[in-house]
Amino acid sequence: MLKNYLKIAIRNLIKNKVYSFINIAGLAVGMAVAMLIGLWIIDELSANKHHKNFETLYQVKMHQTFDGHRGTQDALPYPMGEELRTKYPDFKAVAMSDWGSGHSFVIGNQKFSKVGHFLDKEGIDMFSLNILKGDKNPLKDPYSIVLTDEFAQILFGQQNPIGKVLKMDNQVDLKVTAVVEKQPKNASYQFDYLIPWHLQEKMNPDIKNNSWGNNSFQVFVQLKENVSPEKTNAQISKVVLSHFKDDRLMENSVKPSVFIHPMTKWRLYNEFTDGINTGGFIKYVQLFGIFGLIVLIIACINFMNLSTARSEKRAKEVGVRKAMGSGREQLIGQFLSESLLISFVALFFAIGIVELALPSFNKLTEKAVTLQIDNPIFWGVMIAFTVFTGLLAGSYPALYLSSFNPIRVLKGTIRVGKSASLPRQVLVVMQFTFSIALMIGTIIIYQQIQHGKNRPIGYDNKGLISVFSSNDLMKNYGPLQNELMATGAISSMCKSSSPPYTTWSNNAGWQWQGSRPEDKSVIFSTIATSYDYAKTIGIKLKAGRDFSTEFTTDSSSVILNEAAVKRMGLKNPVGEPLKWDGRDLKVIGVVPNMQMDSPFQAVMPLTIIFSKDWVNCICLRINPNVSASEAIKKMTPIFDKYNPGFPFDYQFTDEEYAKKFNYVELIGNLSLVIAFLAIFISCLGLFGLASFMAEQRTKEIGVRKVLGASVMNITTLLSRDFLKLVVISILIASPIAYYVMQQWLQNYEYKISIGAGVFLMVMVVAIIIALLTVSYQAIKAALANPVKSLRTE
């Protein structure tokens, strides 16, 4: 029986080549989209699961209230690690870590700059790092270093790296004690090397003097077996507050509350609102999962529509089979076997499409996903996926065709009228509703991206570069500045605590005239800098002046941005006295709101203070009369001279600022691809339906032409019904898309207003696409010779 089913199914595929091609192509593209999105979702859901302690690892976080807003942070005070390790028995292990920073390593004449972490020795086992070579406890010696296999290969090639000595930052020699496997791309804790936490304490002795109010480090913990995280949270919630006894501001306003956040949620559930975990990237995983299913459904609808549209051509086959004794179950089996055959043929084309698309897809999504064709589990999943697709696509046609009455069929009285075509029309409307909604959403996403890019940033980020600082650069800053200026490559330079495209420090405790005690909890972003900051960054001051060598009082001066002036309520800010960190300061200038963090969020109040020692980078303004490449060429030997232990690594500010849009552009690009493919599959089905309708109405068209109908009349007649369905789809899709995108835009403070223009544009585009799709078949039918169609009458 099965052999007979397959034989008939193959004959029907060969007999109806055009419709078979449309069905297979539509299903193949739909399945390929679903597979690509599925690979992306699996990669996201499997993040960090390579860690053996995945279920028991946690990151310590803290809720605090500043200026009435409950925020959540990863940055914690230095004493936190030892406090948790010695006073709370729930923890199997505790590891302190920095945030990951770039360090330089010299091998012979070669210099390498990579990013790694200072990490407690317990971190190796906590993160279950796979040690490929070397000591099983590799961070016990303060002057040791652990390399990833990838970085070890770069440094030493095929040589055994164990025991080799590296000079870090031209300051300290470190011995390679182990090589570990490189972390997967979807791992949250990434590094090229690990350095013992105790070395940081030796290199920076003042770190031990950091108070409980200086939040600058990460803390990771591993719970003991069968310990409840809820119970642990209750025990540690007041660990910070316990060190601020009799501090009314901390007790009544800031209210710090410490808790542990499981590794199972690091990747996808990392957003907090008012102290509540509200999700995170999981919403996009769910959204694109729905998109993938929608595209697959659109492809299945094509199959349903074309199969039921051709029902008259198979009606006699059904009648004869039923008259010969076939039951309805057998007919359903026959039609389902055809849909399953088409699905399996489509599967192999889909795998080919995915293989071709994966390099571009990985580049788009910054992933490294692959098709594991040699894995039996992969084929098991693919077979189940294909059977599901085949049953989904073939169920309605099988039930519909097998329901025909054999007597009416064989008498020739069965005709497909409006009642029979209504389900097809509903399915076409569903297809285009999904596709049009995706088009509207994609356009709104791109409008929001452009809105952020067009936002004034408050400074000139063109021709501005930053270089991370080092001890050698700070020792030789004066000669470095003189020689760089003498080359004519730069017009100005300054020292700063953070690069121009971001801020690395936030501080509370500021006081101003008229401020209340609770205002000391207001958070201000803080930049420490030297002379010529405004000139170098390209800021046009709103009032006052920049830090200058002409004044000897700048060490007790501060510059505010407009948001800070507004928050303090200062009408004439220049000259106003402020207090912070036990120091009396005076406002000497006001700068515009500089966009240094998210381009879609409100600008934070900013204080710019003068400091010669709080330096993390050097900012340089390239001379506008010199090309960037020529300027870099002139600067390189000077930096090599004064910073011999480091390669000359620099960042262009405009390029770094553009990276702030990567996340939302990823969403936009994925939406664009899915919307395009959804429209393509919908139009493929529309083309097939138009082709069949033109074939079905051949004699009617012949009669109309004989009676004087023009080509335009015939084309309009055949296109009108399809255009009605597209217009209905637009009317349904528009409010749905409007609601969904309004909810999405609520994630951003700086956002667009959705106007009618986007809906009108999509309506015009959708109608044009539909017209182009059906007009070929309509015009072809209208131009046909009526004599051929009426010859038998």
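Below, a colleague questions a modeller about a predicted model.

Colleague: Which three residues touch the most other members of the largest nonpolar core?
Modeller: That core holds 114 residues. Helix 2 (residues 17–45) gives the most to this core, with 17 residues. A second, separate core of 47 residues includes Leu76, Phe91, Ile145 and Phe244. In the largest core, the three with the most touching members are Phe288, Tyr459 and Ile608.

Colleague: Which residues is phenylalanine 288 in contact with, leaving aside neighbours within four places in sequence?
Modeller: Phenylalanine 288 belongs to the largest nonpolar core. Its contacts, with those sequence neighbours set aside, are Ile37, Trp40, Ile41, Ile667, Leu670, Ser671 and Ile674.

Colleague: Is proline 196 buried or exposed?
Modeller: Proline 196 sits in strand 11 (residues 193–196). Its relative accessibility is 1%. Buried means under 20%, so proline 196 is buried.

Colleague: How many Å apart in space are proline 196 and proline 142, C-alpha to C-alpha?
Modeller: In sequence, 54 residues separate the two. Even with neighbours within four places left aside, proline 196 is in contact with Pro142, and also with Phe118, Leu119, Leu139, Asp141 and Ser144. The C-alpha to C-alpha distance between proline 196 and proline 142 is 5.4 Å.

Colleague: How many disulfides does a search of the whole structure find?
Modeller: Take cysteine 494, which is buried with a relative accessible area of 0%. The nearest cysteine sulfur belongs to cysteine 619 and is 4.5 Å away. A disulfide needs sulfur atoms within 2.5 Å, so cysteine 494 is in none. Over the whole structure, the search finds 0.

Colleague: Is cysteine 300 buried or exposed?
Modeller: The cut-off for buried is under 20% relative accessible area. Cysteine 300 has 1% relative accessibility, so cysteine 300 counts as buried.

Colleague: Why are Tyr477, Leu480 and Leu484 on the same side of helix 16?
Modeller: These residues are buried in helix 16 (residues 477–487). On the other side of the helix, Asn482 and Ala486 are exposed. Tyr477, Leu480 and Leu484 share a side because they cover an arc around the axis of only 60°.

Colleague: Which elements do the buried residues of helix 16 pack against?
Modeller: Those buried residues are Tyr477, Leu480 and Leu484. Glycine 488 follows the helix, with a positive phi near 80°. The packing partners are helix 15 (471–475), strand 17 (490–496), strand 26 (617–622) and helix 19 (628–642).

Colleague: Do strand 22 and strand 24 run parallel or antiparallel?
Modeller: Strand 22 covers residues 557–561, and 5 bridges join it to strand 24. Within this pair, isoleucine 559 has glycine 589 as its bridge partner. The two strands run parallel.

Colleague: Which residue in strand 24 stands opposite alanine 543?
Modeller: Strand 21 (residues 543–544) and strand 24 (residues 583–591) run antiparallel, joined by 2 bridges. Opposite alanine 543 in strand 24 stands valine 590.

Colleague: In the hairpin of strand 23 and strand 24, which residue takes a positive phi near 55°?
Modeller: Strand 23 (residues 577–580) pairs with strand 24 in the antiparallel sense over 4 bridges. In this pair, leucine 578 stands opposite leucine 585. The hairpin has 2 residues between the strands. The residue with that phi is aspartate 581.

Conventions. Residues numbered from 1 in each chain as written. Predicted model: local features only at pLDDT ≥ 70, side-chain atom pairs only at ≥ 80, totals over all residues. Heavy atoms only, no water. Buried < 20%, exposed > 50% of the residue type's maximum accessible area, 1.4 Å probe, protein only. Contact = heavy atoms within 4.5 Å. Core = buried A, V, L, I, M, F, W, Y, C linked by side-chain atoms within 4.5 Å. Arc of directions from axis to C-beta. Pairing = 2+ DSSP bridges.
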